[in-house]
Each structure stands twice: as C-alpha cells, then as structure tokens.
Amino acid sequence: MPDEVPDVYADQFQMNQSAYGLALVFGVVPSTAGGPGPIIMEKRAVVRMSLEHAKILAMVLRKNLKQYELEHLGETIPLPRNVLQQMGLSQDDW
C-alpha cells in the first residue's frame, strides 16, 4: 500500500544540524559484527524538520517523559553513566 506509514524500531540515532533545520537519522545495531573498528548502524529512517519544530518536539518529549517518571516511577528513568559520558551528557542535563 503506498499510503501505509512505516512502523520503525530504532536503538541508535544521529543528528545532523544546519542553520536551517536538522535531520534525525534512526537506525539499529547490525545483527552481525562487521569486524574490528566502530560499529556502523543500519539506517532505518530519516526525519527532517525545522529547528523550531525540533525545539517544540524536545520540549514535548521532556514534558511527557517527566510526567511518566512522576506518575509511574517516582524517580527518573535510570541511564547508564557510561552512556551519558559517551554522549557528553550528565544527569543535570535532564
């Protein structure tokens, strides 16, 4: 069906930004190792948007995730420290 909307799972992402917008590239870790060196994700979808749209998306995501944490966990969703460090983030960024 040409009008069908793809349903995509991703466990990796990349973000490419310019002065006019950004592209979110979603993908997955390959099911087989490609040998030594960095693992290159298999791309599944690219979503492009304006910077204004991206900012609203970030705000809505944060608001909804914080509400989920409050209602269901009573604390923040735990994230591995090494993952935060690899991305240049800290818990204070939340």
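Biologist: Which helix is His53 found in?
Modeller: His53 is found in helix H1, a helix being a DSSP run of H or I with at least four residues, while a strand is an E run of at least two, both numbered from the N terminus. One caution first: this is a predicted model, where local features need pLDDT of at least 70, side-chain atom pairs count only at pLDDT 80 or more, and totals for chains, interfaces and linings use all residues. Residues are numbered from 1 along each chain as its sequence is written, and side-chain values use heavy atoms, with hydrogens and water left out.

Biologist: Okay, how do I read exposure? Is His53 buried or exposed?
Modeller: Buried means under 20% relative accessible area, exposed means over 50%, and partly exposed is in between (1.4 Å probe, protein chains only). His53 falls in between: its relative accessible area is 46%, so call it partly exposed. Its C-alpha atom is 8.7 Å from that of Gly21, though the two sit 32 residues apart along the chain.

Biologist: And Ala54, also in H1: buried or exposed?
Modeller: Ala54 is buried, because its relative accessible area is 14%. Ala54 and Gln86 are 32 residues apart in sequence, yet their C-alpha atoms are 22 Å apart in space.

Biologist: How do I check the length of H1 against what a helix should span?
Modeller: The expected span is 1.5 Å times one less than the number of residues. H1 has 23 residues and should therefore span 33 Å; its end C-alpha atoms are 31 Å apart, which agrees. Just after H1 comes Gly74, with a positive phi of about 75 degrees.

Biologist: What does the side chain of Arg62 reach?
Modeller: Arg62 belongs to H1, which covers residues 51–73. Its side chain reaches the backbone oxygen of Trp94 at 2.6 Å. That fits a polar contact (a pair of N or O atoms within 3.5 Å; within protein, one must be able to donate a hydrogen and the other to accept it, and residues adjacent in sequence count only if both atoms are side-chain atoms). The C-alpha atoms of Arg62 and Trp94 are 8.2 Å apart, across 32 residues of chain. Arg62 is partly exposed, because its relative accessible area is 39%.

Biologist: On to the strands. In what sense do E1 and E2 pair?
Modeller: Two strands pair if DSSP finds at least two bridges between them. E1 (residues 12–17) and E2 (residues 22–28) pair in the antiparallel sense over six bridges. Follow the partners: Gln12 bridges to Gly27 in E2, and Asn16 stands opposite Ala23. A hairpin through four residues joins E1 to E2.

Biologist: Over how many bridges do E2 and E3 pair?
Modeller: Seven, again antiparallel, with E3 taking in residues 42–49. One of the partners across this pairing is Glu42 in E3, opposite Val28.

Biologist: Why is E2 said to be largely enclosed?
Modeller: Six of its seven residues are buried, so E2 is largely enclosed by the rest of the structure. Take Val25, which lies in E2: it counts as buried because its relative accessibility is 5%. The C-alpha atoms of Val25 and Val46 are separated by 4.5 Å, with their positions 21 residues apart along the chain.

Biologist: What is the volume of the largest pocket?
Modeller: About 1100 Å³. Of its 26 lining residues, the closest to its centre are Phe13, Leu61, Leu65, Leu89 and Trp94. Two or more lining residues come from each of E1, E2, H1 and helix H2 (81–86), and H1 gives the largest share, eight.

Biologist: How does that lining divide by class?
Modeller: Into 18 nonpolar, four polar and four charged residues. Here Ala, Val, Leu, Ile, Met, Phe, Trp, Tyr, Cys and Pro count as nonpolar, Asp, Glu, Lys and Arg as charged, and the others, Gly among them, as polar.

Biologist: Which residues line the second largest pocket?
Modeller: Among them are Gln12, Phe13, Phe26, Ile39, Lys43 and Met87. By class, that lining has eight nonpolar, two polar and two charged residues. E1 supplies the largest share, three residues, and the space inside is about 300 Å³. As for the term, a pocket is an open set of points on a 1 Å grid over the protein atoms alone, where a 1.4 Å probe fits, with protein on both sides within 12 Å along at least five of seven lines; lining residues have an atom within 4 Å of a point. Points are joined across faces, edges and corners, and a volume is the space filled by probe spheres set on them.
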